[in-house]
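Student: I have a structure in front of me and would like to work through it with you, one question at a time. Could we begin once it is on the screen?

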Amino acid sequence: MLARIYALVIKEFLALLKDRATRVVLVGPPIIQLIVFGYAATFDLNHVPYVVYDEDGGGAARQLLAHFEGSPTFRIVGRVSREEQIAPLLDNQSALVALHIGPHFSRDLLLHRPASVQVLIDGRNSNTAALALNHVSAILAAFNLQWMKEHGWRAPPAQPELRAWYNPNLVSRWFIVPGIVALLTLVVTLLVTGLSVAREREMGTLDQLLVTPLRPLEILIGKALPGFLIGGLEAAVITLAVILWFRVPFKGSVAALALGVMLFLLAVIGIGLLISTLAATQQQGLLGVFLFLVPAVILSGFSTPVSNMPEAVQWLTRVNPMRYFLVIVRGVFLEGADMTTLWPQYWPLALLGAASLSAATWRFRKRL
Amino acid sequence: MAEAALALESCTKRFRRDGAPVHALDQVSATVRAGRITGLLGPDGAGKTTLMRLAGALLLPDSGRVTVLGLDTRSEGMAIQERIGYMPQRFGLYEELTVQENLDLYAALQGLSPAEKKTRQQELLALTALGPFGNRRAGQLSGGMKQKLGLACALLRSPSLLLLDEPTVGVDPISRRELWHIIQSRRNAGVSVLISTAYLDEAERCEDILLLHEGRLLVQDTQASLQSTLSGRCYRVRREGTPRRRLRTELAARNGVLDATIQADGVRVLSDGGAPPALPAEQWDAVPPRFEDAFVNLLHGRAASLQRPEPPPPPRHDLTPAQDDLPVIEVRDLWRRFGSFEAVKGISFQVRAGQVFGLLGANGAGKTTTFNMLCGLLSPSAGTLRVAGQNLGHAAAAARARIGYVSQKFALYGNLSVLQNLDFFASVYGLGRQERARRRDWALAHFSLAPYARVNGQDLPLGFKQRLALACALLHQPLILFLDEPTSGVDPLARREFWSQINGLAESGVTILVTTHFMEEAEYCDELVLMSQGEILAQGSPQAIRSQAATRDLPNPTMEDAFITLVQAHEAGLRRAS
Amino acid sequence: MKHRRLRALIRKEFLQILRDPSAIAIAFVMPAFLLFLFGYGVSLDARHVPVAVVVEQPDRDTEAFAAGLAQSPYFEPQRFTDMTAASAALQQRQVEGILWLRQDFSRHLLRGETAPFSIIVNGVDANSARLLEGYLQGVWQNWLQQRARSSGVPFVVPAVSTERIWFNPALRSRNYLVPGLIAVIMTLIGALLTAMVVAREWERGTMEALMATPVTLTEILLGKLLPYFLMGMGGMALTVALALTLFAVPLVGSLWTLSLSSALFLLVALGMGLLISTLARNQFVAGQLAVIVTFLPAFMLSGFIFDIGSMPAPVQLVTHVVAARYFVSILQTVFLAGDLWPVLLVNSAALAFMATIFLGLTWRLSRKRLD
């Protein structure tokens, strides 16, 4: 029996790796997505364009504006001299933020009176707007602290110290890049397994296999093992790239991650094989993979948090292996999570794996 | 010579495949004479479709010139397309559209006025007998009806030249006859016809022949002159007491014999032109030549051929062969339904050990369904079946080690090399390392696959794919061999070689079950069942079936005649019953 | 070009669409499915974020502070009395952040000194963490003002910002995500529709039969473009209707600018599909290509979710060839800001240019030939 499975696995590898299209699928998307996600997918703001309408022109105003000019988050794109000039700049998106300093700004501050700065912001992209507003507040707070100290104002009754655990500078790349390990492992494993049975069905070789002394279970194991090995290899290579190229800290244990990868692979392979046994042609297989993949990625917490989703949708994410694995990857990378902390993620994965693999086996036997 | 409807002047057409240029046509010069039916023949991959497309101005030659009805395809493609009718290989029908809608579409595309359209459509519906099916979707038509509809669409605007690319592939004999009837009627109305086909018996209906081989034009001649060169070289040979199969094998190996095929109750022999190499006990009767003889004569020695096959080793000893008198395969009252459709309707038959048993019928007759149930790939809806005493669907996996299987599409791993395919199947059948190497060497030698050992399955010529598929199925020396349409798409020479392999296996005691839609291949079987629409129409030896269909008008029917007669009788019976 | 032939081709295409559900599925079911999925699945608005409030010594001041948290819809505060338990909760992801008022908080306040307190967030998801930090600081600022009023001790902050958020005052992320999604989805749908149906004609051999008739290339291309243009507009209308009703996105601009720019964009998307299908004549390959070259770039590089201005310069350059980028910009503007002509004209010009390129290339590359 082992000899037969060995022959099946060798055959599967040869068939996969000798096919140019498959090689491209195994190498191309990982590289492209690593680059795209690594560099393009960031929520960190840089060079936010802003305009200044300074009616005051006094020293205090200049000091405030110097704070903005010194920030890498903001980039000045112009100064205007009339209020009507602001609207077109915001309208056509040449500026995201407009700072309007009133005519009595410096005078008020010197008289120990609060002075207001009007911040106009383009809210079309609400996330960018909210983050930009946070940055504006932070700069204002820094200016205020300095002004109070220099001009003998009474200190505020309470002052927060801000700390972010695990990611002190709040680099969003640290969040997104480890997620790629999960994403690419999912995509590659699904493509390898999701089309495999359907491809043989289409070529007619499945019938050929079924009339040999091979048992259906042996055929399925022969299909699952290559997916497992390729998926595992892919996960390892991308993990290394994330650590060495993107310099994301790796705090946890390799064993905790490896266990997570294995359980995740089992669940994904089960789903892939299930799709494959249901599909009559490769085209249907591809459609099935697509129909599973897109929701699985969107509803995993990869780009936006699961906790922001409506209750019913959150409930749905419980059958998504990607959701659990993302927590494992990010936990191991950034938080240094160990196996005990990750137990709540391990067992649902194991359960999903067991369920999908048995369903695939059952479907496969029934199809005969 | 009459005006040429189509003229090719040293046309060359290359395609790139995997970066390397492939000559689809190489310096071909040919003419199609106006007002006649010209047959375009050649094995798969000879360049027939490319030539058809050049004629339809759908491709331009890389060099050379194509003139259609006096117009150059390079500059006047549109004018040509207004005057030709073209039917591509898959009929070019929109499956979601009804018969009427397809006709309307092509009428509009060919610029018929509404008045013209009406009269032409009525004429064509009458000619094709599709009138009652106007509202049926093309996708739900049978193969034969699709083919007639495709032809009707091509004929809408009374073309001057009709181009038909393999119109009869996968179509049952009755529909083929009807199609030829329509083609003849068009020819009589003055239309020039160019038809490509892989069926040699159809070539006989063509007045002129173009024969392509590997992109080159081998022959351009009239039917009559082709056959006249062969007169006096064709014989029917009989020898009392020798089974036809053994006699064929013997004759094929004899010097002076170019070709030997089983036909009716004897062996048809094509001699090399010398005195007939007859032995005393044999009876040699001269018969008129057929196109197939001309074809073999022309291609003889060109196609890579096998060495005279040595008999393959017998089935393994550890698998006890069934006793001769007990049936190896037994089918009783077998049914298979797919939803409300009954694919197999209660058939019964038996196959004895060492027999070549044929399942014959047109596409959709239920052959493949029956075949899949026998192999255990499909479970029957009702009835019993036993293969070597067991139902393969339920039996232990080990029982399947006794059978070999060659599927319709020669299912091999396309991107594995010949060696890798052989190794894989040997391992799957549980052969040990030494045994594996021994059997692999045997397969490479026996099927002349050695030069291709490192070539990927998908890059093999079709004939070699077929050999490899057969080799893979024989690695474990099975007791029973299942072959599903093993010769479809393969050229006649490769088919002959294939059958001599099969005959050799049968001689050594292997039981063989084979499906085919080539009626003439029935002659290679010891016994056969003729299927139509899920039922068995006739059962018995080829001679017995032919004699069933013999009438006073047709005392010596061919298997195809017999098939048509039996189907028509059966359908008439059904009509009476309802 | 003959009208009768073109009419026949269009009629044929519609009959096929009506009888083969796959085109309808692509044009109507898929966009609705994707819009549902993304509309509900992708949200950047945190609500009911679990936050630990550690009050080491509760009294009136700390309670007033903590009350500010409880009133906010953003938080779901959980009380802790010591930091160890709260840290454990943060580690186990039971809370996303901690507000830590130490035991000397009130003492500092009484003495009139600045009382330090800590805001700790789980920084793993940096974006959410940053937003959470902002919300928590907002609570602090409210508290400052409230305290100044109630204690009678006026506290003056030097520079105070008054914020005016244009176009989306409540900063509802759905308001910008849903219009962006429409652009992403329609890129995919437009390309898939034409890519698959043209490839199907090649595969089934009907293209060969068509080409052997006296139809011109323009007729064949128009015969494909027009029906699927109408289908695409239908899908577009459906998604817009869903956006307005189900996701309650306001439409500030006019319907006709929306329709006009959508029409322009569909030409680009369909043109892309036609180009793909002239290059790949197999449904399987065409479908894969359409997904790869349209969906991922539209999702990642259109500015629909990730801010283009914050990307590295080379990546920003690449975004200029992504048609969805222009349409995202148009849609977000028309939906939220209104018919702002400077934005609409620039982006429409870019779309018109791309449509010309794609359709022109298709026309150039596909001759009425089979090779």
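The questions and answers below deal with a predicted model.

Student: How are helix α7 and helix α14 of chain A oriented to each other?

Tutor: Two packed helices are described by the angle between their axes and the distance between the axes. In chain A, the axes of α7 (residues 172-194) and α14 (residues 321-335) come within 9 Å and cross at roughly 135 degrees. That angle is neither over 145 degrees nor within 65 to 115, and α7(A) and α14(A) are therefore oblique.

Student: Which residues of α14(A) does α7(A) meet, and how many residues in that contact are charged?

Tutor: From α7(A) the contact includes Trp174(A), Phe175(A) and Leu186(A), while the residues they and their neighbours in the contact meet in α14(A) are Met322(A), Phe325(A), Leu326(A), Val329(A), Arg330(A), Phe333(A) and Leu334(A). Sorted by class, the contact of α7(A) with α14(A) has 13 nonpolar residues and one polar residue, and the number of charged residues is one.

Student: How are α2(C) and α9(C) oriented to each other?

Tutor: Helix α2 (residues 21-41) and helix α9 (residues 217-245) of chain C have axes that come within 9 Å and cross at roughly 20 degrees. The crossing of α2(C) and α9(C) is right-handed. Since angles under 35 degrees count as roughly parallel, the description of α2(C) and α9(C) is therefore roughly parallel.

Student: What classes of residue make up the contact of α2(C) with α9(C)?

Tutor: On the α2(C) side, the residues in the contact include Ala23(C), Ile24(C) and Phe28(C), and on the α9(C) side they include Tyr228(C), Met231(C) and Gly234(C). By class, the contact of α2(C) with α9(C) has no charged residues, three polar and 12 nonpolar.

Student: Is Thr50(B) buried or exposed?

Tutor: Thr50(B) lies in helix α1 (residues 48-55) of chain B. Apart from neighbours within four places in sequence, Thr50(B) is in contact with Lys13(B), Phe15(B), Ala24(B), Leu25(B) and Leu59(B). Its relative accessible area is 10%, and because buried means under 20%, Thr50(B) is buried.

Student: And how does Pro77(C) count by its relative accessibility?

Tutor: Pro77(C) sits in strand β2 (residues 75-80) of chain C, where, leaving aside neighbours within four places in sequence, it is in contact with Val51(C), Val53(C), Leu69(C) and Ala70(C). Its relative accessibility is 32%, and because this lies between the 20% and 50% limits, Pro77(C) counts as partly exposed.

Student: Where in chain B is Ser448(B), with its positive phi, found?

Tutor: Most residues other than glycine have a negative phi. Ser448(B) is not a glycine, yet its phi is positive, near 50 degrees. Its place in chain B is the loop between α13 (433-446) and α14 (462-474).

Student: How much area do chain C and chain A bury between them?

Tutor: The size of an interface is often given as the accessible area lost when the parts come together. Here 96 residues of chain C are in contact with 92 residues of chain A. Within chain C, Val124(C), Arg130(C) and Pro158(C) lose the most area to chain A, together 9% of what that side buries. Of the area that chain C and chain A bury between them, 64% is on carbon and sulfur atoms, and the value is about 8,200 Å².

Note on methods:
Residues are numbered from 1 along each chain as its sequence is written. Chains are lettered from A and ligands numbered from 1 in the order in which they are written. This is a predicted model: local features need pLDDT of at least 70, side-chain atom pairs count only at pLDDT 80 or more; totals for chains, interfaces and linings use all residues. Side-chain values use heavy atoms; hydrogens and water are left out. Axes are lines fitted to C-alpha atoms, for helices over the stretch in contact, and angles run from 0 to 180 degrees between N-to-C directions. Helices (H or I, at least four residues) and strands (E, at least two) are DSSP runs, numbered from the N terminus. Contact means heavy atoms within 4.5 Å. Ala, Val, Leu, Ile, Met, Phe, Trp, Tyr, Cys and Pro count as nonpolar, Asp, Glu, Lys and Arg as charged, and the others, Gly among them, as polar. Buried means under 20% relative accessible area, exposed over 50%, partly exposed in between (1.4 Å probe, protein chains only). Buried area is the accessible area (1.4 Å probe) that two parts lose on being put together, summed over both. A crossing is left-handed if the near helix is turned anticlockwise from the far one by less than a right angle, and right-handed if clockwise.
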